[in-house]
Amino acid sequence: MPQKNPLALRPRTLYALALLALFLVAIGDHLTSPVLSSLAAPTELGNACAPCGAPCIEKQPTAD
Amino acid sequence: MPVSSPNSSSSSSLNRPHPAHATGGLSRVVDRPLLLLISCLGIVLAGLAGLDTGVTGLALVGLGMLLGMAFMGFQYGFASGWRRFLETGDGSPLSLHFLLAALCALMFIPVSAAGIGPSGSLAPVSLSLFIGAFMFGTGMQLANGCGSGVLFSFAGGSGRMLVALPFFVIGSVLGSIILPPVLALGSLGQVEIGAGLSGFGKLAVNLALLLSAAALFGWLGARRGFYLSRKMLLATAMIALLCWGVFWVSQHPWGVTFGFTLWGAKIASAIGVPIEDFTFWTWPGPQRALTHSVLSDTSSLMDFAMIIGAGLTAAVTGAFAKSAWPNARQLQAAALGGLLMGIGARLSFGCNIGAFLAGTASGSLHGWIWFALALAGSVLGIRLRARFGF
């Protein structure tokens with residue numbers, strides 16, 4: 001059964017606030033961080049073996 | 001694969017009355033304040049992306065918005081479809097997902113093999129993949145949405161996703177921290193299906209596998225009286241076309257969850273956590289993402305655009321007015337599910353989009369393993385849903 005949320009805010013109101021906060025933080029980060037002239041993905045650099053940029057394990061240098 | 005008439009439905013989402021129909025007309029349900037807010041945010045996003053990355057940025061914002069609209073408009077989810085298969089034997093949603101992968105493979109595999117720029121999504125077959133995909137499958141059933149599902153449902157004002165998304169973000173940061181030691185436990189490296197074959201041969205083998213899986217799940221559904229609907233076939237074709245566009249423009253298959261990881265890492269860094277010292281964030285790719293704008297990363301930018309697209313669709317169809325606040329147990333499940341998905345996505349190199357769809361469509365074995373383990377995790381997730389009372 002749906003219940004009234006503890007903050008007495010409808011999801012629509014909370015959603016609007018969350019959306020606004022998310023985008024304000026993103027815009028703030030964008031305006032205060034260096035930008036790349038072309039969009040990038042982590043897999044493009046280094047010895048990446050996965051989309052997140054994780055390197056290929058078998059090619060990692062072994063620890064002393 | 002049997003196809004039903006346009007009026008019959010094979011997906012749970014198709015059984016829901018459209019808000020516009022339920023209230024007697026589209027004009028009566030348009031949420032004008034939210035439409036205005038989301039439109040403004042979309043214009044700002046497109047403007048900033050266009051200023052820095054030109055046509056590429058604008059194109060990816062456009063593609064992300066269209067994907068958000070398509071997913072929201074068709075309610076094209078993965079979690080509910082997989083649950084439907086496990087609970088009722090209706091394989092038609094899974095059949096659609098493999099058909100989508102087959103359509104994407106038509107572009108991804110030959111273009112990657114030709115070496116003309118864009119390349120597919122390969123990832124290691126590692127112990128972390130098995131653990132992470134199982135966790136993700138469990139989490140997506142608890143949260144009632146996968147990576148893309150959380151994103152478009154959040155954009156549609158779902159109270160559950162308002163909780164699941166932040167926990168997904170937290171989980172993916174935790175996942176980024178634990179990925180390096182878990183990855184070191186064991187890995188076979190990347191395994192490409194049909195690796196020794198020509199581009200055409202590789203495509204033929206992978207298409208045969210994907211279409212066989214689509215046919216198998218379609219047949220399983222038909223045995224129980226469930227058929228593919230033309231509407232969802234159209235949605236699948238539209239999403240495949242958009243995935244082709246993302247592949248061409250960004251040079252990589254579409255991915256969702258790295259954007260969440262980046263958002264979380266940026267927030268952690270802003271509140272004083274030395275996130276840049278953790279191994280994951282010293283790798284060149286993640287390090288570059290962390291030290292640049294959130295709008296410079298393809299996945300992150302497209303996530304923002306998808307929220308805008310899905311939000312606009314929800315505002316036009318009045319979805320927000322229909323949103324009820326879930327009960328406390330459902331919110332707890334959403335939080336736990338989000339956390340599991342976040343950790344699982346990092347350990348298994350993505351979600352249903354970045355690992356399953358992009359992986360299988362690129363001819364990478366990790367995509368198939370991801371599917372099997374996430375489906376197994378879904379079994380546990382469905383059982384846990386009962387513990388949470390839904």
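A residue counts as buried when its relative accessible area is under 20%. That cut-off is applied here to a predicted model.

Helix α16 of chain B covers residues 352-361. Of its 10 residues, 10 are buried, so the helix is largely enclosed by the rest of the structure. The buried residues of α16(B) include Asn352(B), Ile353(B) and Gly354(B). Phe356(B), Leu357(B) and Thr360(B) are also among them. Alanine appears in this buried group as Ala355(B), Ala358(B) and Ala361(B). Gly359(B) is buried as well. Just after α16(B) comes Gly363(B), with a positive phi of about 75 degrees.

Helix α12 of chain B, residues 284-291, was examined next. Pro286(B) lies in this helix. Its relative accessibility is 0%, and Pro286(B) therefore counts as buried, the limit being under 20%. Pro286(B) is 110 residues away from Ser176(B) in sequence. In space, the C-alpha atoms of Pro286(B) and Ser176(B) are 9.7 Å apart.

Helix α12(B) also takes part in a cavity. The whole structure holds 4 cavities of 30 Å³ or more. The second largest cavity contains about 60 Å³ of space. Helix α12 of chain B gives the most to its lining, with 3 residues. Both chains contribute to the lining of this cavity. From chain A come Leu36(A), Ala40(A), Ala41(A) and Pro42(A). From chain B, the lining includes Leu262(B), Gly285(B), Arg288(B) and Ala289(B). His292(B), Ser293(B), Ser296(B) and Asp297(B) line the second largest cavity too. Sorted by class, the lining has 6 nonpolar, 4 polar and 2 charged residues.

Chain A has 64 residues, and 36% of them are buried. Its secondary structure consists of 1 helix and 0 strands. The area exposed by chain A is about 3,800 Å². Carbon and sulfur atoms supply 63% of that area.

The surface of chain B was also considered. Leu127(B), Phe130(B), Ile131(B) and Leu185(B) make a nonpolar surface patch of about 350 Å². Phe130(B) is found in helix α6 of chain B, which spans residues 127-143. At a relative accessible area of 35%, Phe130(B) is partly exposed, because this class runs between the buried limit of 20% and the exposed limit of 50%.

Terms used: Residues are numbered from 1 along each chain as its sequence is written. Chains are lettered from A and ligands numbered from 1 in the order in which they are written. This is a predicted model: local features need pLDDT of at least 70, side-chain atom pairs count only at pLDDT 80 or more; totals for chains, interfaces and linings use all residues. Side-chain values use heavy atoms; hydrogens and water are left out. On a 1 Å grid over the protein atoms alone, a cavity is a set of points where a 1.4 Å probe fits but cannot get out, and a pocket is an open set with protein on both sides within 12 Å along at least five of seven lines; lining residues have an atom within 4 Å of a point. Grid points are joined across faces, edges and corners, and a volume is the space filled by probe spheres set on the points. Helices (H or I, at least four residues) and strands (E, at least two) are DSSP runs, numbered from the N terminus. Ala, Val, Leu, Ile, Met, Phe, Trp, Tyr, Cys and Pro count as nonpolar, Asp, Glu, Lys and Arg as charged, and the others, Gly among them, as polar. Buried means under 20% relative accessible area, exposed over 50%, partly exposed in between (1.4 Å probe, protein chains only). Accessible areas come from the Shrake-Rupley method with a 1.4 Å probe; for residues, only the protein chains shown count as cover. Patches are made of residues with over 30% relative accessible area and no salt bridge: like charges are joined within 9 Å, nonpolar side chains (Val, Leu, Ile, Met, Phe, Trp, Tyr) within 5 Å. A salt bridge is a side-chain nitrogen of Lys or Arg within 4 Å of a carboxyl oxygen of Asp or Glu.
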